[in-house]
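Morning, everyone. Please have a look at the model on the screen, then I'll walk you through it.

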Number of protein chains: 2
Amino acid sequence: MEPAAFHESRPTRVDLLIRPEWIIPIEPAGITLSGHVLAIDKGRIVDLVPQNEATQRFQPDETLDLPGQVLLPGLINLHTHAAMSLMRGYADDQPLMKWLTEHIWPAEARFVGPDFVRAGTLLACAEMLRGGITTFNDMYFFPQAAAESARRAGMRAVLGLIAIEFPSAYATDADDYLAKGLALRDTLADDPLLSFCLAPHAPYTVADKTFEKIATLGAQLELPVHMHLHETQQEVSDSIKLHGVRPLQRMQRLGLLNPNLIAVHAVHLEPTEIDLLLQHGCHIAHCPTSNMKLGSGIPDMAAIQAHGINFGLGTDGAASNNRLDLFQEMRHAALAAKGSSRDATVLDAHTILRAATLGGARALGQDDRIGSLLPGKCADLCAIRLDDWLIQPCFDPASHLVYVAGRENVTHTLIDGKIVMRDGLPIHIPAPALRSAVALWHNRLTS
Amino acid sequence: MEPAAFHESRPTRVDLLIRPEWIIPIEPAGITLSGHVLAIDKGRIVDLVPQNEATQRFQPDETLDLPGQVLLPGLINLHTHAAMSLMRGYADDQPLMKWLTEHIWPAEARFVGPDFVRAGTLLACAEMLRGGITTFNDMYFFPQAAAESARRAGMRAVLGLIAIEFPSAYATDADDYLAKGLALRDTLADDPLLSFCLAPHAPYTVADKTFEKIATLGAQLELPVHMHLHETQQEVSDSIKLHGVRPLQRMQRLGLLNPNLIAVHAVHLEPTEIDLLLQHGCHIAHCPTSNMKLGSGIPDMAAIQAHGINFGLGTDGAASNNRLDLFQEMRHAALAAKGSSRDATVLDAHTILRAATLGGARALGQDDRIGSLLPGKCADLCAIRLDDWLIQPCFDPASHLVYVAGRENVTHTLIDGKIVMRDGLPIHIPAPALRSAVALWHNRLTS
């Protein structure tokens, strides 16, 4: 044997080698690999190579064999109010404004504080990790408490620096909300799993002056701006009455339409408004379950897909969903788009898987770090068992993930190369502690 | 103690007492009981009484304690092609006619025979039992083989006596289909778990002459008539071209509109057609997942509910769903109706639970036997665990079943008072045998 060849074939030590039945890397688009292996070191993806090549190239400290399982990038929940998991099913079968003004807002006014947010976010993190979600984009009061729970869970989070005109236990006015949010961002700037976005609640709860500040801050700090937009027909008509224009035109006037904007819901869009979002490089957080459950409507995702607007998927809060489950959201996005457009070919399985991963990452400005299995990216992953008898046979792992499997089939969730959920149990969140904290809040909410 | 009182309080022996946390009896409508007990004897419901009363009144041979669980009537799958579970995900993201003519029908022509139907129906029964379904209304070739698998599973089935004009391995022409179906009905007449319906495939595959025979047979034999109807816009416009009228008008002309009719799908209905179905006491089998997945459309269930037309829920076959899961169907029915009507109050949780149980039973003409927990009815039941940490907190068991829980939370399924599924496993269907039979057909279908 030649010394050169010997030298070339000496394997590189890596922390972990994962050998699943299939890998769907999302990039390149639309492919499902079998007989491949993912190598991980120091929390990053080193490479994705055929199995025989891996044996020569890598010397892993650990190997994780996943027969019958498919490996995906971790799912990204592009819109949630994590702490609201404590209000899961608190008021069902109610329209949005009645649900908000008669049930949710009064309960929030009475109960929401740091303890509520800490407990609710921990429950939400446990639920999301169990279902293969590795990153969530949050909007809620007391983001400091949400950050504590995300850190405890070992979960990647984008904390929304919420702004709303009305006072709460958290802050007194929009300036106070923003000041508290920015101070939190300074405090937590060094946490590799945490990042931030500006989160003005909605056009109907935030004033022009505040939006202008947020537009400036977004540009200066290069932060995503995450807001409810065109969720209901009433929001649109109220805006015309009050501001003379539709909310999206108002946002354009206020300088908010740019690639930082994540328009959450975007249910009611005229064709010209879809063009507008495209021209300005805006993103959409599509929340099909919440939109249907609250009777807000079904957005024209076929048109949004045809225009090539980037979109991700969000669960919204558990009070309007009532699960923080992106498998459900993937299925509902595909089904609602096909049913409402009467075209079975729109939002096909690979498009949906991409939305739930890379689409979310791009919207958050983090597609250089997460959302696909390209070498160099963070090893945020989920593995899903497709060989359970209940979901046999399987002809195509990609469409099986969208139309057959559920979060109950997720076996492992990894963040930065570390296992954070295995065998249905989040590693860092003991179920008994979770259960008693939730029971306490359940009692208070029903008292 | 007085002898009379002593006599009165002597408890009655019963086979089984079930003590769940909650009971939703469906009749009376809209209620959720706690602290109640269901008494069962010889496969029938004896009574549903408060727990303290039960101790005095009943001496059970066995008691089943179900803390944290809710007890419901077994779910009724009002439309399926059970054997097609072997083609789960065989061709996804395709419109109905292309899906049928280029994928499903050619595969059926090549592979479908008694062995295929036996294996596919057994898989379907296992899946349905796992998810709390106790009765299914089937339409497929070789109903004899489907009956064998339903009997093996211990499941209640309504076998469709299929009729279609084109020849298959099963029968040569419509008369042959009907003759074979009726002969099967004679053979199996004594099985208490089996019953029958006439199952002309659809207006576009069955001739007038055959429909006329079916109308006569339905009336003579008092059999439900179960057919695909107004599934797609194309079906409606083709009928206008070919017959000069819409399919429903054609069915009226042929004498099919009466309380025997179960109109499957009924996606595209004019307001006058909704009136027509109401006037004639017809039933609808609503299959929301299949309708959305195939791009057929979203029916106006808000209008159908407002008219008071009886409807049940169906999964359709696994090739167009891709799960035989009525929990999913309940959720999709509620969400699609709210989203498309933009009214969050339509198809509320109790309405949905009723559709998935009593609605199906009424459509099948079996509401005197199944579909609710009235004394005297068959003890067809399912129990669902609502105390898993993943789905906490729970404010209302009824809406929790529709919006939060899934088939993964079903712990027990009982038919005629006998446990047929426990701890996720169908009692009479060993998973290894099922798995190898399915693998064999998977190989053939991909060869």
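I'll take the chain contacts, then one helix.

This is a predicted model: local features need pLDDT of at least 70, side-chain atom pairs count only at pLDDT 80 or more, and totals for chains, interfaces and linings use all residues. Residues are numbered from 1 along each chain as its sequence is written, and chains are lettered from A, ligands numbered from 1, in the order in which they are written.

How many residues of chain A are in contact with chain B? The count is 52, and they meet 51 residues of chain B. Contact here means C-beta atoms, placed from the backbone, within 7 Å. On the chain A side, the elements giving two or more residues are α4 (114-130), α11 (288-293), α13 (326-341), α15 (397-403) and α16 (431-446). Helices are DSSP runs of H or I, at least four residues, numbered from the N terminus.

Now symmetry. A turn of 180° and a shift of 0.0 Å along the axis lay chain A on chain B, with an RMSD of 0.0 Å. That is a least-squares fit on C-alpha atoms of residues with pLDDT of at least 70 in both. The two copies are therefore related as by a two-fold rotation axis. The same surface serves both: 98% of chain A's contact residues recur in chain B.

Next, helix α14 of chain B. There is a kink of about 45° in α14(B), centred on B:Ala355. The bend is the angle between axes fitted to the seven residues ending there and the seven starting there. Just after α14(B), B:Gly365 takes a positive phi of about 70°.

Terms used: Contact = placed C-beta atoms within 7 Å.
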